[in-house]
Amino acid sequence: MYLSHLLINVGDNPDRPRPGRLWLRNVYHVHQRLSMAFPSKEYRAEDPHFLHPYDPAHFERPHFLFRIDNAIEDGAPRAVILVQSDIAPDWDYAFQNAPGILAAPPETREYNPAFQNGQRLRFRIRVNLSKKIKESKKGTDLRKVKDMLDKKGRPKDQGKRVALNWNDDENPDEVIRQWFSGKAQRCGFQIGEFRVIQLGWVMGYKARGDMKMKFRSALLEGALEVTDAEKFSAAIANGIGAAKSFGFGLLSVKAL
């Protein structure tokens, strides 16, 4: 795998253009631009200066995860995007027609971690706080409808994904901890120290006038212990939770 670090120029002067800040407001556009770092060899040769309109058919479709983090560099506001990809990205190609977005040249390195059971690590992840409702409004359990099968003969999941909610008398941090603990168990680790750093919503829309996509978001930090190294490695590679194309699920870890 490859891990990239992109420093985004969000600007500190409201009277001057701030393309990086505007770009980050629509996570759909962020994913679209990041995907431009994987052009096919044929298209790179045909359009080396990226002058043609974007067409997804001209680009590879590797599996990649990303996360938008906030940072402070030299006293000026910045945003950092981490990108984890299966193949090496070409950031020069992706941003050559949008040079004002980046505040510094991207940094990319190979990333092939190995884990062991019992290993303790610090973690950071932005998760989409959501769950699936398995019952229809009439109370019918849709999982029991036998004739709803996919092409491979497997039951279709007819559940509707909704934002995770909590009652006024509940502690949101504790609700989120319990929700993430369930994810952790299935992904080969257990959480210890745990903090909710940011809680809010992420927006995305394809074009002006289209229905907006809205995702409940939480940035989590803490400590974890690996309980199943194989499952944990898969979680690192594949991400955790829903809405991965919109900046969720990238689990970053480092030694305690």
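This is a guided tour of one protein chain, with a selection to make at each stop. The model is predicted.

**The whole chain**

Begin with everything shown as a cartoon. The chain holds six helices and ten strands. Colour the 256 residues by burial, and 39% of them count as buried. Now turn on the surface: its accessible area is about 15100 Å², and carbon and sulfur atoms account for 48% of that. For contacts with a separation of 6 or more, 72% are between residues 24 or more positions apart.

**The largest nonpolar core**

Select Leu6, Ile8, Leu24, Leu34, Phe66, Ile81 and Phe95. In the largest nonpolar core, which has 32 residues, these touch the most other members. Which elements give two or more residues to this core? They are strands S1 (2-8), S2 (64-73) and S3 (76-85), together with helices H1 (19-24), H2 (27-35) and H4 (91-95). H4 supplies the largest share, four residues.

Stay with Phe95 and show what surrounds it. Beyond its neighbours within four places in sequence, Phe95 is in contact with Leu6, Trp23, Arg33, Leu34, Ile101 and Leu102.

There is also a second, separate core of 29 residues. Select Leu3, Val127, Ile176 and Ala218, which are among its members.

**Helix H5**

Next, select residues 172-186, which form helix H5. The helix has 15 residues and spans 22 Å from first C-alpha to last, close to the 21 Å expected at 1.5 Å a residue. At its start, find Asn171: one of its side-chain oxygens comes within 3.0 Å of the backbone nitrogen of Asp173. After the helix comes Gly188, with a positive phi near 85°.

Which residues of H5 are buried? Select Val175, Ile176, Trp179, Phe180, Gly182, Lys183 and Ala184 to see them. A helix of this kind has 3.6 residues a turn, so residues three or four places apart point the same way. The buried residues of H5 pack against four strands: S5 (120-128), S6 (130-133), S8 (189-204) and S9 (213-226).

**Phe180**

Zoom in on Phe180, which is in helix H5. Is Phe180 buried or exposed? Phe180 counts as buried because its relative accessible area is 0%, below the 20% cut-off. Leaving out residues up to four places away in sequence, Phe180 touches Phe123, Ile125, Val127, Phe189, Ile191, Phe194 and Leu220. Then pick Gln190, ten residues from Phe180 along the chain; their C-alpha atoms are 9.5 Å apart.

**Two residues of strand S9**

Move to strand S9 and select Glu221. Glu221 is buried, at 14% relative accessible area. What does its side chain meet in a polar contact? The partner is the side chain of Arg195, at 2.8 Å. Setting aside neighbours within four places in sequence, the contacts of Glu221 are Phe123, Arg124, Glu193, Phe194, Arg195 and Ile197. Phe123 and Phe194 also appeared in the list for Phe180.

The last stop is Phe215, in strand S9 as well. Phe215 has a relative accessibility of 14% and is therefore counted as buried. Show its contacts beyond four places in sequence: Asn128, Gly200, Trp201, Val202, Ala243, Phe246 and Phe248. Finally, add Val162, which is 53 residues from Phe215 along the chain, while the C-alpha atoms of the two are separated by 9.2 Å.

Methods. Residues numbered from 1 in each chain as written. Predicted model: local features only at pLDDT ≥ 70, side-chain atom pairs only at ≥ 80, totals over all residues. Heavy atoms only, no water. Buried < 20%, exposed > 50% of the residue type's maximum accessible area, 1.4 Å probe, protein only. Contact = heavy atoms within 4.5 Å. Areas by Shrake-Rupley, 256 points an atom, 1.4 Å probe, with all protein chains shown as cover. Core = buried A, V, L, I, M, F, W, Y, C linked by side-chain atoms within 4.5 Å. Expected span 1.5 Å × (residues − 1). Polar contact = N/O pair within 3.5 Å; in protein donor to acceptor, adjacent residues only side chain to side chain.
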